[in-house]
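Student: Got a minute to go through this one with me? I'd like to start with a single residue and work outwards.

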Amino acid sequence: MTSNYYGDVLSLRPPLPRPNRVLAVGAHFDDVEFGSGATLSKWSKEGTQIEILVMTDGSKGTWDDHQDGHALALIRKEEQLASARVIGEGVSVKWLNWIDGELKHSSRTIAQVASEIRKFRPDVVVSHDPWKRYRLHPDHRNCGQIVIDAVVAARDPHFYRELGKHHRPSSVLLFEPDQINYVEEVASADIEKKVQALLSHKSQHQTSMEDRSGENDLLEMTLTFARRIGKEYGCELGEPFHIIDDV
Ligand SMILES: [Zn+2]
């Protein structure tokens, strides 16, 4: 048993068997890497097939007033592909190209993700925790909620019949969790890959990595966090999630 920041007591779930197929869905380019990059690197190295689905087009990921959004979106797609290659061989990437900052929880977006779940047929779906308290960015909240609703839509045969044969993933892993109930133990090599993948998003060094653009700083910060989680949850290095394992 362990408690979270708010004093809620949760049981820590036992380690998952390595999944064969994982669909990781992020609102933006680099969200999946921030939340689950070490876990995905570890699983990819061990043979898991991974697809990253990015909901938005990345066109507003800059603090530069004069940056052209369309040009930025193209740069960011190249960066995302480079990042996926770092995460692991054969990691594929798809985009849904909703306008950055304007992602909506709607039957359209739910159907798009449900369709991807039915096509790719993952054992585990990874995404944002929509129930994280005080989360500011609407795309993160909405993406998490879209994914949860898409898992339900994909698993139930009477939902969206036109999207193909229903599919029930065995677990949903929510990153940056409000309540930690699952920690994936990772190695320092997996953390290094996570950081290398993040650094592949070169256009984001100023915005999402702020003043941590020095490789060592980001690596040290990421290792420090993984050590803290590990210490709290009984391993050397860990990445935290909230797992839903009764899908
Ligand atoms: Zn984001």
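Student: Okay, Tyr160: buried, exposed or partly exposed?

Tutor: Tyr160 counts as partly exposed, because 18 other C-beta atoms lie within 10 Å. The cut-offs are 20 or more other C-beta atoms within 10 Å of its own for buried, 12 or fewer for exposed, and partly exposed in between, with C-beta atoms placed from the backbone. Bear in mind that this is a predicted model, where local features need pLDDT of at least 70, side-chain atom pairs count only at pLDDT 80 or more, and totals for chains, interfaces and linings use all residues. Residues are numbered from 1 along each chain as its sequence is written.

Student: Where does Tyr160 sit?

Tutor: In the loop between α4 and β7 (171-175). Helices (H or I, at least four residues) and strands (E, at least two) are DSSP runs, numbered from the N terminus.

Student: And what's its phi?

Tutor: Phi of Tyr160 is near 40 degrees, so to speak on the positive side, in a residue other than glycine.

Student: What about phi of Arg121?

Tutor: Phi is positive there too, near 55 degrees, and Arg121 isn't a glycine either. Arg121 belongs to the loop between α3 (107-120) and β6 (124-128). It is partly exposed, with 16 C-beta neighbours inside 10 Å.

Student: Back to the other loop. What does Gly164 touch?

Tutor: Arg118 and Lys119, leaving out residues up to four places away in sequence. A contact here is two C-beta atoms, placed from the backbone, within 7 Å. Gly164 is in the loop between α4 and β7, and it's partly exposed, with 14 C-beta neighbours inside 10 Å.

Student: How enclosed is α4?

Tutor: Largely enclosed by the rest of the structure, since 13 of its 18 residues are buried. Helix α4 covers residues 138-155 and reaches 26 Å from first C-alpha to last, close to the 26 Å expected. That expected span is 1.5 Å times one less than the number of residues.

Student: Zooming out, how many helices and strands are there?

Tutor: Six helices and nine strands.

Student: What's the radius of gyration?

Tutor: 17 Å, which agrees with the value near 18 Å for a compact globule of 247 residues. The radius is taken over C-alpha atoms, and the globule rule is 2.2 Å times the number of residues to the power 0.38.

Student: And how much of the protein is buried?

Tutor: Buried residues make up 43% of the 247.
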